[in-house]
Structure formats: structure tokens, C-alpha cells
Amino acid sequence: MDIYKFAIRPLLFNVVKTDSEWLHQQTIRSFSWLSQTPASWANQRLKKSLCLYDSRLQQNLFGLNFPNPVGLAAGFDKNGVAAGIWSNLGFGFAELGTVTFHAQPGNPRPRLFRLPLDKAALNRMGFNNRGAAAMAARLAQEKHELTQSIPIGINLGKSKVTPLEAAAQDYLDSFRILKDLGDYFVVNVSSPNTPGLRSLQDASMLSAILELLQQENTTQKPIFVKIAPDLEWPAIADIITLAKTYQLAGIIATNTTIRRDGLKTQVIDQTGKSPQDEAGGISGEPLRDRSTEVIRFIWQQTQGQIPIIGVGGIFSGEDAWEKITAGASLIQVYTGWIYEGPLMVRRILSGLLTKLEESGLNSINEAVGLEFKNQKY
């Protein structure tokens with residue numbers, strides 16, 4: 001029996017009604033402690049219970065080896081304090097951040113809300129983090145103490161105090177500090193929680209950022225751009241063009257949505273307001289179909305030539321398979337993991353292996369974009 005789903009989660013969500021951000025902080029604190037004691041009995045137990053190893057799930061992409069395609073999305077480990085633990089929890093890779101050049105407190109609380117009826121979360125955190133220098137110090141120490149068994153990405157955002165016209169330099173300053181400590185990097189221009197940030201998805205603004213980063217990127221670290229699900233198709237097509245021009249490793253689709261249609265939640269308990277009246281981005285199940293549509297569009301526009309990391313509403317092996325066959329080489333989870341608990345990753349991987357067997361495929365790589373291959377697209 002899954003103790004988390006049937007006992008712990010109902011207790012925390014429904015009986016105690018624990019504040020979402022407080023619970024997140026306690027979880028990260030525990031993981032941070034565990035990551036600093038890698039040989040502990042607890043870590044060995046985690047590995048045994050939560051990890052699933054199978055060569056059919058492995059991929060080598062943009063020079064990195066991914067033991068499986070399920071990663072932790074940015075936003076969970078904002079400061080990189082638990083970088084050493086994610087492989088023990090079954091993940092094939094993990095993305096730290098979002099980190100900004102300047103340390104910043106983020107938006108006023110409360111700023112993180114669960115929407116259980118929708119299997120969703122609403123957040124307006126505002127890139128709260130200790131800054132790029134603090135993350136660099138932490139990762140340098142960690143790198144000295146242990147070698148990562150999975151790729152670690154770093155998600156870069158714009159500092160709130162930095163004017164939009166100086167955004168490119170702000171991203172560059174963070175990248176300079178961290179470039180030797182991440183296996184890949186993500187330009188986050190799609191969070192709805194920093195004023196004006198999404199305007200940086202405009203081709204002229206984004207090209208200025210990518211130009212500076214690639215000039216600095218002498219060691220050719222893979223760089224991705226993370227896009228919003230709310231963009232129109234022509235805007236996504238522009239970003240695809242930029243991805244080719246600046247030889248990006250790929251595109252992450254997608255960030256949270258500002259749309260509110262179809263939500264079952266009428267009132268958020270902590271504020272007494274409806275989700276429509278609360279600022280922030282929605283993640284989880286309401287995002288699932290749109291993020292998959294965006295993945296399909298990118299795959300079709302690029303003939304599958306640009307790797308895609310799919311994120312949004314993944315709770316099961318079925319959800320993961322849908323995104324992979326739509327064109328995602330890798331997927332990321334966050335909200336689903338909160339709802340489904342630590343056994344979710346293993347369940348997804350087991351589900352993917354079943355799908356491979358049913359489809360007569362020998363590796364997960366063969367499943368990427370399968371729905372188009374089946375159409376002989």
C-alpha cells in the first residue's frame with residue numbers, strides 16, 4: 001500500500017491543512033540533510049524503494065547520459081540545497097532553481113496554494129532564492145564531496161530589481177558564476193510571477209539574451225529555453241527559429257499557465273477568493289493537454305530535430321507516454337509528485353516499460369514522437 005497517498009497526504013492536506021509553502025520548506029530541509037549523508041542507511045532504503053534501473057530507459061542526449069527520462073522540474077529545489085538526493089528518489093535528472101543573480105525574497109505570502117479538486121497548484125512565488133553566488137558555493141562544496149549520478153540542470157531567471165532592458169546582462173551574470181557547476185542550463189522567460197518577464201519571450205528580447213549566453217558558453221554547455229503554454233503558435237514558431245539560430249540544446253514545454261478556464265475549485269481556503277481572483281500560474285492536471293499540444297507543435301515544426309523536455313500535468317505512466325510519443329525526449333514532474341508522492345517516479349517508469357513492451361519497442365528513444373512516426377509524418 002502507498003502510505004503517502006492513503007495516509008500521509010490526506011492528513012497533511014485535509015486534516016491538518018498544512019500551509020503548502022511551510023510543508024515544502026520542511027521537505028527540502030529534510031532532503032538537504034539526507035543529501036549531505038549520501039552513504040546513510042536512509043539513503044540506501046530510498047534507493048531500494050524508489051529507483052528502477054533498466055537499460056531500455058536510458059538515453060544519451062546533448063552529451064549527457066540520462067538513466068531514465070523522468071526529471072524533477074525547476075521550482076522544488078530553488079537553491080540547490082538537495083542536489084545530491086534526487087538520484088536516490090528515482091529521478092533520471094533534476095533541475096535546480098529558478099535562481100537569479102541577485103538574492104530576492106519573492107512575492108508576499110501566502111503565495112503557494114493547492115487546488116486538490118483540480119489536482120493542481122497555484123503559485124506566485126516570484127523567484128524567491130538566495131542568489132547565484134550562494135547556489136554556486138553550495139554546488140561547489142557538493143561537487144567536491146560527491147559526483148552526481150544524474151545530470152543536474154540549472155534554471156536561470158531575471159532578478160526582479162533588474163530592468164527589462166538590462167535582462168540579458170542579468171542572465172549572463174548568473175551564468176558566469178554557475179556555468180561550471182551545471183550539466184545544462186535553462187533560460188526561464190516564462191514565469192508569470194516576475195513583472196514583465198514573459199515579454200522576454202519576444203524574439204528581439206530573447207535573441208539578446210541568447211547571444212550573450214552563447215558568447216560566454218565556451219565549454220558548450222547545453223542551453224534550453226523554457227516557454228509559456230499561453231503563447232500563440234506564431235510566437236512559439238519564432239522561438240523555434242531562435243533555438244536553431246543560437247544552436248540551443250532544446251526547448252522546455254511548458255511553464256505554468258495564467259488561464260483559469262475549466263477549474264473545479266471555486267474558493268481557495270487560505271484567501272477566501274476564487275482562483276480567477278488570485279494572481280499566479282497554475283500547474284498540474286489543468287496544464288496537461290495544452291503542454292502536450294505545444295510539444296506536438298514543436299515536434300511537427302522541427303521534424304523532431306530539436307529535443308523537447310515536456311512538463312505539465314504528468315501524474316502517471318500514461319501521461320508520461322503521451323508526452324514522449326508527442327515528441328518529448330525527457331519529461332519533468334513537480335505538482336504530480338506532490339499529489340502522488342515519492343513512489344510516483346517508479347510507477348511512471350514501470351508504466352513506460354509496459355508501454356514499450358506493448359509497442360514492441362526496445363528503448364524509450366524509439367518512442368519519442370511515435371505518434372507522428374506511426375502517421376509516417
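Start by selecting β5, β6 and β11: together these three strands make an open sheet, in the order β5-β6-β11, with antiparallel pairing. Keep in mind as you click around that this is a predicted model. Now colour the two edges, β5 (112-115) and β11 (281-284): each has a single partner strand, so one side of each is left without a neighbour in the sheet. Looking across the sheet, you'll find a twist that averages 25° from one strand to the next.

Zoom in on β5 and β6 (residues 120-123), which pair in the antiparallel sense over four bridges. To see one of the bridges, pick leucine 115 and its partner in β6, alanine 120. In the loop between β5 and β6, stop at lysine 119. This lysine has a positive phi of about 50° although it is not a glycine. Is lysine 119 buried or partly exposed? With a relative accessible area of 27%, lysine 119 is partly exposed.

Next, step back along the chain to the loop between β4 and β5 and select proline 110. Show the backbone here: the peptide bond joining arginine 109 and proline 110 is cis, with omega at about -5°. There is another cis bond to visit, this one joining alanine 253 and threonine 254, where omega is about 10°. Threonine 254 sits in the loop between β10 (250-253) and β11, so to speak a stop on the way back to the sheet you began with.

Now for β4, residues 93-99. How many of the seven residues of this strand are buried? Seven of the seven, so β4 is largely enclosed by the rest of the structure. Add β3 (residues 70-72), which runs parallel to β4 and is joined to it by two bridges; glycine 71 has phenylalanine 93 as its bridge partner in β4. Then add β7 (residues 152-156), which pairs with β4 in the parallel sense over five bridges. On that pairing, find glycine 97 and look opposite, to asparagine 155 in β7.

A short detour: select phenylalanine 62, in the loop between β1 (59-61) and β2 (64-66). Its phi is positive, about 40°, although it is not a glycine. At 25% relative accessibility, phenylalanine 62 counts as partly exposed.

On to the helices. Select α7 (residues 233-245) and α8 (residues 288-302), which pack at an angle of about 50° with their axes 11 Å apart. That makes α7 oblique to α8, and the crossing is right-handed. Turn on side chains at the contact: from α7 you'll have Trp233, Ile236, Ala237, Ile240 and Lys244, and facing them from α8 are Arg290, Glu293, Val294, Phe297, Ile298, Gln301 and Thr302. By type, the residues of this contact divide into seven nonpolar, two polar and three charged.

Leave α8 on screen and finish with α9 (residues 317-326), a mostly covered helix with eight of its ten residues buried. Among the buried ones are Trp321, Ile324 and Ala326, along with Asp319 and Lys323. What do the buried residues of α9 pack against? Show α8, β12 (308-311), β13 (330-333), α11 (344-359), α12 (364-367) and α13 (370-373) to see the surroundings. Last stop, just after α9: glycine 327, with a positive phi of about 135°.

Note on methods:
Residues numbered from 1 in each chain as written. Predicted model: local features only at pLDDT ≥ 70, side-chain atom pairs only at ≥ 80, totals over all residues. Heavy atoms only, no water. Pairing = 2+ DSSP bridges. Axes fitted to C-alpha atoms, helices over the stretch in contact; angles between N-to-C directions. Parallel < 35°, antiparallel > 145°, perpendicular 65-115°, else oblique. Left-handed = near helix turned anticlockwise from the far one by under 90°. Contact = heavy atoms within 4.5 Å. Nonpolar A, V, L, I, M, F, W, Y, C, P; charged D, E, K, R; others polar. Buried < 20%, exposed > 50% of the residue type's maximum accessible area, 1.4 Å probe, protein only.
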